[in-house]
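I sat down with this model and a fresh notebook page, and kept my entries short. Have a look at the picture first, then follow along.

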Amino acid sequence: MTTKRKNLFLYLALVCFIGLIVIFIIDGYLGIYDTTYITVGEQEQIIEPDYWLAGHGAPAGFELDYYIPAQWGQKLFFRYEIDNHRFASYSTLVQASVWQENEKVFDLFSEQESIGSFDKATMEWTLSTEDLEQPVPGTSSQYTIKIIYGEVARKIVVDFYYPGEYPVPPEVVPVPTPE
Amino acid sequence: MRTYILYGFGILLCIAGIGYLASEYVNYISEPGKLVCLILIVGMLGFLGKYFEKIGW
């Protein structure tokens with residue numbers, strides 16, 4: 001009886017350990033995850049799925065967004081990856097659009113994606129300032145890039161700073177030398 | 001006594017190792033998942049403690 005009870009504790013400990021491993025696999029690995037790569041100038045920023053899951057200080061109930069500063073005239077190259085860590089294939093419409101003050105400015109990308117089991121899909125698009133309204137010199141304007149797939153919506157706020165153009169120096173006219 | 005200290009040290013290293021590997025490779029656990037993991041870890045250590053107590057440690 002004592003041996004049985006003694007082993008019972010060991011079995012229960014083993015069950016807890018197996019439960020931990022199962023949670024690591026099911027909750028920590030299985031699912032749909034998206035990663036965003038944004039290149040501005042020569043720097044690439046990566047927004048891992050963990051960023052959206054962790055909350056990063058956003059109060060409960062508030063939507064989390066990601067902030068990127070950029071200079072007016074710079075192009076933003078987006079690479080968006082959706083990883084399907086599931087046993088079934090996943091089909092969804094992926095949409096990216098530019099918004100300002102809660103109004104859609106234009107669509108950046110829209111494509112129906114079908115991702116196989118334990119596979120990933122990669123999408124690319126570019127945001128150019130040529131399509132946006134130029135801010136007053138010395139100020140900046142913010143635009144929100146909304147990426148939507150399934151029931152998931154990601155918000156990336158881009159702050160374009162426009163320093164203004166340097167004045168063109170006047171052309172130097174050579175003074176004729178008196179004869 | 002020295003053996004127990006060594007055992008304790010070994011168990012601590014094992015727990016630290018599992019924790020390190022989990023933090024490196026398991027990135028996307030949700031908040032409820034973390035809570036259940038914590039409960040399971042407490043349960044596992046508690047049951048292991050009872051087991052060692054029963055076998056005469």
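**Strands first**

I started with strand pairing in chain A, where nine bridges join strand 4 to strand 7 (residues 119-127), the two running antiparallel. This is a predicted model, so I read everything here as a prediction. For one residue pair in that ladder I picked Asp83(A), and I found Lys120(A) in strand 7 as its bridge partner.

Next I looked at the pairing of strand 4 (residues 76-85) with strand 1 (residues 31-40), also in chain A. I noted ten bridges there, again with an antiparallel run. My sample pair was Thr36(A), whose bridge partner in strand 4 is Tyr80(A).

**Chain A as a whole**

I then listed the secondary structure of chain A and got two helices and nine strands. Read from the N terminus, the order is α-β-β-α-β-β-β-β-β-β-β.

How does the radius of gyration of chain A stand against that of a compact globule of 179 residues? I noted 26 Å for chain A, while the globule would come near 16 Å. The box along the principal axes that the C-alpha atoms fill is roughly 125 × 35 × 35 Å. I also wrote down that buried residues are 12% of the 179 in this chain.

For contact range, I took the contacts in chain A between residues at least 6 apart in sequence. Of these, 66% join residues at least 24 apart.

**Cores**

Which residues make up the largest nonpolar core? I counted through eleven residues in all, among them Ile38(A), Leu76(A), Tyr80(A), Ala96(A) and Leu127(A). The list also includes Tyr143(A), Ile145(A), Ile147(A), Ile156(A), Val158(A) and Phe160(A). Strand 4, strand 8 (139-149) and strand 9 (152-162) of chain A each supply at least two residues of this core. I was pleased to meet Tyr80(A) again here, having just noted Tyr80(A) as the bridge partner of Thr36(A).

A second, separate core has nine residues, including Cys16(A), Ile29(B), Cys37(B) and Leu40(B).

I went back to Ala96(A) to look up its contacts, leaving aside neighbours within four places in sequence. They are Leu108(A), Phe109(A), Trp125(A), Ile145(A), Lys146(A) and Ile147(A). Of those, Ile145(A) and Ile147(A) also belong to the largest core.

**Loops and a positive phi**

I looked for positive phi angles outside glycine and stopped at Glu101(A), with a phi of about 50°. Glu101(A) sits in the loop between strand 5 (90-100) and strand 6 (103-115) of chain A. Is Glu101(A) buried or exposed? I put Glu101(A) down as exposed because it has 8 C-beta neighbours inside 10 Å, and 12 or fewer is the cut-off for that class.

Phe118(A) went on the page too, with a positive phi near 50°. Its place is the loop between strand 6 and strand 7 of chain A. Phe118(A) counts as exposed because it has 12 C-beta neighbours inside 10 Å.

One step along, Asp119(A) lies in strand 7 of chain A. I entered Asp119(A) as partly exposed, because 14 other C-beta atoms lie within 10 Å. Then I took a distance: the C-alpha atoms of Asp119(A) and Thr139(A) are separated by 43 Å, with their positions 20 residues apart along the chain.

**Chain B**

Chain B has two helices and zero strands. Its radius of gyration is 14 Å, where a compact globule of 57 residues would have one near 10 Å. The C-alpha trace spans about 40 × 20 × 10 Å along its principal axes. Buried residues come to 11% of the 57 in chain B.

**Where the chains touch**

How many residues does each chain bring to the contact? I noted 19 residues from chain A and 19 residues from chain B. On the chain A side, helix 1 (2-26), strand 1 and helix 2 (49-54) each give two or more residues. Helix 1 of chain A gives the most, with twelve residues. By type, the chain A side divides into twelve nonpolar, three polar and four charged residues.

**Confidence, before closing the notebook**

The model scores ipTM 0.71 and pTM 0.72. For chain B I wrote down a mean pLDDT of 83, with 96% of its residues at 70 or more. As a reminder to myself, where pLDDT is low, the predicted coordinates should not be read in detail.

Conventions
Residues numbered from 1 in each chain as written. Chains lettered and ligands numbered in written order. Predicted model: local features only at pLDDT ≥ 70, side-chain atom pairs only at ≥ 80, totals over all residues. pLDDT = per-residue confidence, 0-100. Pairing = 2+ DSSP bridges. Helix = DSSP H or I, 4+ residues; strand = E, 2+ residues; numbered from the N terminus. Contact = placed C-beta atoms within 7 Å. Nonpolar A, V, L, I, M, F, W, Y, C, P; charged D, E, K, R; others polar. Rg over C-alpha atoms; globule rule 2.2 N^0.38 Å. Buried ≥ 20, exposed ≤ 12 C-beta atoms within 10 Å, placed from the backbone. Core = buried A, V, L, I, M, F, W, Y, C linked by C-beta atoms within 7 Å.
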